[in-house]
Amino acid sequence: MKILLYLLLGASFSVSAADLAEQITGEERQLREVRDAVDRKREELNALRETAATLEATAKVTLEPAAKPVEKPKEPKELYRNPLVSLDGFTAQKGKAEVVELPDGKAIRVDAPGAEAITRTIRIPEQRTIQVTVQMKGEKVVKHEPAHHRGTRVGGMYRHAGKTFWPAAPHGEGSFDWRAVSFKFNSPAGCDSFRLILGLAGADGTVYLRNLVIEEL
């Protein structure tokens, strides 16, 4: 009888251990499944984040105005050049100008009293900004009274709409070495030429002129 009881108790314990092992195995399988599901969700979330970042960058590029390209400064267009080693094409005002040989080359000399300026007509395009530059050297230039608008003269004259205009560089005086003197003006519609005037205006003394350049800016 005792032997039968022992056998029954042993069988009961054996069945309980087998059930427990199977239960543990099932729970481990469920845990792995949960972990796999979490990993898949994490991958999906990372993919969504990458997509969101890409869309944000694309939207930023689309919404922000495109940067304007840097425009290069416009190069001046040369319209006329004359080294001023000859008076061909020029007319002297109030006297006679002459070409002289200086230690550094030829130039046109204008003395006053005797000669005041040299002039010539220059063709220019309409509705453009025109710049005139010439090298000038002065000796003992003295302005007459009243001194306003008198002295060295680098300028011009043109007519438009029944009016006369006199664009010019600032008037100089005294003695000075070679320097570039320039002025610019806007040519109006219908104005295709202007009268260039180089020398002196209402002053005594001497000026030398060379290297005349007229450009469209």
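## What it's built from

How many helices and strands are there in the protein? This is a predicted model, and in it you'll find one helix and 11 strands. Walk along the sequence and the helix turns up ahead of the strands: the pattern reads α-β-β-β-β-β-β-β-β-β-β-β.

## A hairpin and its neighbor

Let's zoom in on strand β3, residues 98-102, and strand β4, residues 105-112. These two run antiparallel, with five bridges joining them. Together β3 and β4 make a hairpin, and two residues sit between the strands. If you want a spot to look for on screen, try E101, which stands opposite K106 in β4.

Which strand does β4 pair with through A112 and its bridge partner G205? That's β11, the strand covering residues 203-216. Here too the count is five bridges, and β4 and β11 run antiparallel. So to follow this part of the model by eye, go from β3 to β4 across their five bridges, then from β4 to β11 across another five.

## Contacts along the chain

Now for the protein as a whole. Take the contacts between residues at least 6 apart in sequence: 76% of them join residues at least 24 apart. The β4 and β11 pairing, with A112 bridged to G205, is there to see in the model.

## Inside and outside

How much of the protein is buried? Of its 217 residues, 31% are buried. As for the outside, the protein exposes about 14,900 Å², and carbon and sulfur atoms supply 55% of that area.

How values were computed
Residues are numbered from 1 along each chain as its sequence is written. This is a predicted model: local features need pLDDT of at least 70, side-chain atom pairs count only at pLDDT 80 or more; totals for chains, interfaces and linings use all residues. Side-chain values use heavy atoms; hydrogens and water are left out. Helices (H or I, at least four residues) and strands (E, at least two) are DSSP runs, numbered from the N terminus. Buried means under 20% relative accessible area, exposed over 50%, partly exposed in between (1.4 Å probe, protein chains only). Contact means heavy atoms within 4.5 Å. Accessible areas come from the Shrake-Rupley method with a 1.4 Å probe; for residues, only the protein chains shown count as cover. Two strands pair if DSSP finds at least two bridges between them.
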